[in-house]
Amino acid sequence: MNSMLTIDGLQYSNWSREIFEQMRAGGVSAVHATLVYHENTRETLSRFGDWNRRFEQHSDLIMPVYEAEDIEIARESGRVGIFFGAQNCSPIEDDIDMIEVMRRLGLMIMQLTYNNQSLLAAGCYEAEDSGVSRFGRQAIAEMNRVGMIIDMSHSSERSTLDAIELSTRPVIISHANPASFHPAKRNKSDTVLKAISESGGLLGFSVYPFHLKDGPDCTLESFCNMVADTADLMGIDHIGIGTDLCQGQPQSVLDWMRNGRWSKEMDFGEGNKNNAGWPRPLSWFKDNRDFPAIIEGLRNKGFSEPEVEKIMGRNWLNQLEKGTRAQQ
């Protein structure tokens, strides 16, 4: 079993006891679990309720993380810490007071948009990049105040750069890769990546095949080469893992991610009409038991043990420590 501090910066799996057992078998210390995609405030409360039941039913395997320190408590007790994020700003609707409410309930991270234009910012699939909105400016200030980390994984270039400039705290990209490695709409330019690192933020590398060169055939060596190149660009303290693992999810969940309630036409996201389903998983990363393979790949690439520890979890822990405490 992997004993290294290991934090995955994004998953949205079909949660079950089997998956929680696989997390523990893979040595996973904590996971940023997507709480919602397009859900409104009331629906978000129900998702918290779902997780409360999971914590009750599987208390020997998982526990909630409300502050960074809870991750160490989870490790010491042999459990996996679960911390929550939203992949859209829909949980706050048009009410800025909901930011503090959601943070107190345990929402530690929120994306300003999911692919489309939101009330706060422009998504990476919009033809016109309008940047951060008037509401978005105030939402960023409020997120800074209450200790909710700003995530720009699905946001456009200008919106991301705007958010970095406006935020007084580090901004992250929890799950994406450099566009120089693979030119997917969701991947990020060197300009954005440099700005993220200069803000004190972090990039979580995705193993979702649509984000990788050669897709499902991307090799571990190629992935680790990308990590090494990005470490040169951003610095070793600003990179981590954000797998975007969606293990065991049905097609209906993929459709919900892409289409929500906003479209009558089928949106294929990073797929297309002829490739509309979940991509075939990587041979070296199928589920949470495969984190040791990434560790070994990074070692083989030449990263030192302290550097591997930073990439696998220490940098994420540092982000949570810096970004989730309320300002005095």
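1. Start with Asp-97, which lies in helix H4, a helix of residues 97–105. The model discussed here is predicted. On the surface, Asp-97 gathers with Glu-93, Asp-94 and Asp-95 in a patch of negative charge.

2. Helix H4 also holds Leu-105. Together with Leu-45 and Val-101, Leu-105 makes a nonpolar surface patch of about 210 Å². Leu-105 counts as partly exposed, because its relative accessibility is 35% and this class runs between 20% and 50%.

3. Which side chains meet Arg-104 in a salt bridge at 3.0 Å? The partner is Glu-100, and the distance is taken from N to O. Both residues lie in helix H4, 4 residues apart, which is about one turn of the helix. In general, an α-helix has 3.6 residues a turn, so residues three or four places apart point the same way. The two residues are not equally covered: Glu-100 counts as partly exposed at 25% relative accessibility, whereas Arg-104 is exposed, with a relative accessible area of 67%.

4. The bridge in point 3 belongs to a wider set. Glu-100, Arg-104, Glu-142 and Arg-145 are linked in a network of salt bridges. For the model, the count comes to 16 salt bridges.

5. Two further salt bridges deserve a look. Arg-289 and Asp-287 meet through their side chains at 2.6 Å, N to O. Here Asp-287 is buried, because its relative accessible area is 8%, under the 20% limit. Arg-289, on the other hand, counts as partly exposed at 45% relative accessibility. The other pair is Glu-305 and Arg-299, whose side chains also form a salt bridge, at 2.6 Å from N to O. In this pair Glu-305 is partly exposed, with a relative accessible area of 33%, and Arg-299 counts as partly exposed at 34%.

6. Is Asp-162 buried or exposed? Asp-162 is buried, because its relative accessible area is 18% and the limit for burial is 20%. The residue lies in helix H6, which covers residues 157–166. Apart from neighbours within four places in sequence, Asp-162 is in contact with Gly-131 and Val-132.

7. Helix H7 covers residues 190–198, and its buried residues are worth checking against the picture. Val-192, Leu-193, Ala-195, Ile-196 and Ser-197 are buried in this helix. The buried residues of H7 pack against H6, H8 and two strands, S7 (171–176) and S8. After H7 comes Gly-200, with a positive phi near 90°.

8. Backbone angles are the next topic. Most residues other than glycine have a negative phi, and most peptide bonds are trans. Asp-214 has a positive phi, near 75°, and is a residue other than glycine. Asp-214 is found in the loop between strand S8 (203–205) and helix H8 (220–234). At 53% relative accessibility, Asp-214 counts as exposed, because the cut-off for that class is over 50%.

9. Asp-244 is not a glycine either, yet its phi is positive, about 65°. The residue lies in the loop between strand S9 (239–241) and helix H9 (251–259). What is the relative accessible area of Asp-244? The value is 9%, so Asp-244 is buried. The reader can set this beside Asp-214, which counts as exposed.

10. The last residue is Glu-67. Where is Glu-67 placed in the chain's loops? Glu-67 is in the loop between strand S3 (62–64) and helix H3 (69–76). At 33% relative accessibility, Glu-67 counts as partly exposed. Not counting residues up to four places away in sequence, Glu-67 touches Arg-103, Met-108 and Thr-324. Glu-67 and Gly-204 are 137 residues apart in sequence, and their C-alpha atoms are 19 Å apart in space.

Technical notes
Residues are numbered from 1 along each chain as its sequence is written. This is a predicted model: local features need pLDDT of at least 70, side-chain atom pairs count only at pLDDT 80 or more; totals for chains, interfaces and linings use all residues. Side-chain values use heavy atoms; hydrogens and water are left out. Patches are made of residues with over 30% relative accessible area and no salt bridge: like charges are joined within 9 Å, nonpolar side chains (Val, Leu, Ile, Met, Phe, Trp, Tyr) within 5 Å. Accessible areas come from the Shrake-Rupley method with a 1.4 Å probe; for residues, only the protein chains shown count as cover. A salt bridge is a side-chain nitrogen of Lys or Arg within 4 Å of a carboxyl oxygen of Asp or Glu. Lys and Arg count as positive and Asp and Glu as negative; His and the chain ends are not counted. The place of a charge is taken as NZ of Lys, CZ of Arg, CG of Asp or CD of Glu. Buried means under 20% relative accessible area, exposed over 50%, partly exposed in between (1.4 Å probe, protein chains only). Contact means heavy atoms within 4.5 Å.
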